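Visitor: I'd like to know where the labels come from when people describe a fold. Can you walk me through one, giving the reasoning each time?

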Amino acid sequence: RRAPESFRSYIFKIMKQVHPQTKISKKGMLIVNNLVTDTFERIATEASKLCRATKRSTLSTRDVQSACSLVLPGELSKHAVAEGTKAMGKFAQA
């Protein structure tokens, strides 16, 4: 039996980079994990809809980028797209 998927280790690593002295309770971690999971599912669903609308079977970076712009509000979507583009650049180099 597999353990349920979780972003806890990634959330903890990022939190320690941004605020090294700060701790987080189990309940706080659960809330942040649920927030990340929900946001991921919303973006994935929207990207899937965009892919189906264009009658393609392969999800592209453009679909995910457009989904982020549709799901996330204002400035947050701009930052998400910029970070995603940066991550894809690093991935392509490796």
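**How the labels are earned**

Guide: Let's start with a pair: H1 and H2 are roughly perpendicular to each other. Keep in mind that this is a predicted model.

Visitor: What makes H1 and H2 roughly perpendicular?

Guide: The axes of helix H1 (residues 8–18) and H2 cross at roughly 110 degrees, coming within 10 Å. The label covers 65 to 115 degrees, so H1 and H2 qualify as roughly perpendicular.

Visitor: Which residues make that contact between H1 and H2?

Guide: From H1 you have Arg8, Ile11 and Phe12, and they meet Met29, Leu30, Val32, Asn33 and Val36 of H2. By class, the contact of H1 with H2 has six nonpolar, one polar and one charged residues.

Visitor: Asparagine 33 in helix H2 caught my eye. Why is asparagine 33 called buried or exposed?

Guide: Asparagine 33 has 6% relative accessibility. Buried means under 20%, so asparagine 33 counts as buried. Setting aside residues up to four places away in sequence, asparagine 33 touches Ser6, Phe7, Arg8 and Ile11.

Visitor: On to the next pair. How do you know that H2 is oblique to H3?

Guide: The axes of H2 and H3 cross at roughly 120 degrees and come within 8 Å. Roughly perpendicular stops at 115 and roughly antiparallel needs over 145, so H2 ends up oblique to H3. As for handedness, H2 passes H3 in a right-handed crossing.

Visitor: Which residues do H2 and H3 bring to the contact?

Guide: H2 brings Arg42, Ile43, Glu46, Ala47, Leu50 and Cys51, while H3 brings Asp63, Val64, Ser66, Ala67, Cys68, Leu70 and Val71. Sorted by class, the contact of H2 with H3 has nine nonpolar, one polar and three charged residues.

Visitor: What makes up the largest nonpolar core?

Guide: Six residues in all: Ile43, Ala47, Ala67, Cys68, Leu72 and Val81. The elements giving two or more residues to this core are helix H2 (26–53) and H3. Take alanine 47: leaving out residues up to four places away in sequence, alanine 47 touches Leu59, Asp63, Val64 and Ala67.

Visitor: And the loop between H2 and H3, where lysine 55 is found: why is lysine 55 called buried or exposed?

Guide: Lysine 55 has 77% relative accessibility. Exposed means over 50%, so lysine 55 counts as exposed. There's a backbone quirk too: lysine 55 has a positive phi of about 55 degrees, although lysine 55 is not a glycine.

Visitor: What about H3 and H4: why is H3 called roughly antiparallel to H4?

Guide: Helix H3 (residues 61–71) and helix H4 (residues 74–93) pack at an angle of about 160 degrees, with their axes 8 Å apart. Angles over 145 count as roughly antiparallel, so that is the label for H3 against H4. H3 passes H4 in a right-handed crossing.

Visitor: Which residues meet there, in H3 and H4?

Guide: Thr61, Gln65, Cys68 and Ser69 in H3 meet Ser77, Val81, Thr85 and Met88 in H4. The class split for the contact of H3 with H4 is three nonpolar, five polar and no charged residues.

Visitor: One last residue, serine 77 in helix H4. How do you know whether serine 77 counts as buried or exposed?

Guide: Serine 77 sits at 8% relative accessibility. The cut-off for buried is under 20%, so serine 77 counts as buried. Ignoring neighbours within four places in sequence, serine 77 is in contact with Cys68, Ser69 and Leu72. Two of the names there, Cys68 and Leu72, also belong to the largest nonpolar core.

Note on methods. Residues numbered from 1 in each chain as written. Predicted model: local features only at pLDDT ≥ 70, side-chain atom pairs only at ≥ 80, totals over all residues. Heavy atoms only, no water. Axes fitted to C-alpha atoms, helices over the stretch in contact; angles between N-to-C directions. Helix = DSSP H or I, 4+ residues; strand = E, 2+ residues; numbered from the N terminus. Parallel < 35°, antiparallel > 145°, perpendicular 65-115°, else oblique. Left-handed = near helix turned anticlockwise from the far one by under 90°. Contact = heavy atoms within 4.5 Å. Nonpolar A, V, L, I, M, F, W, Y, C, P; charged D, E, K, R; others polar. Core = buried A, V, L, I, M, F, W, Y, C linked by side-chain atoms within 4.5 Å. Buried < 20%, exposed > 50% of the residue type's maximum accessible area, 1.4 Å probe, protein only.
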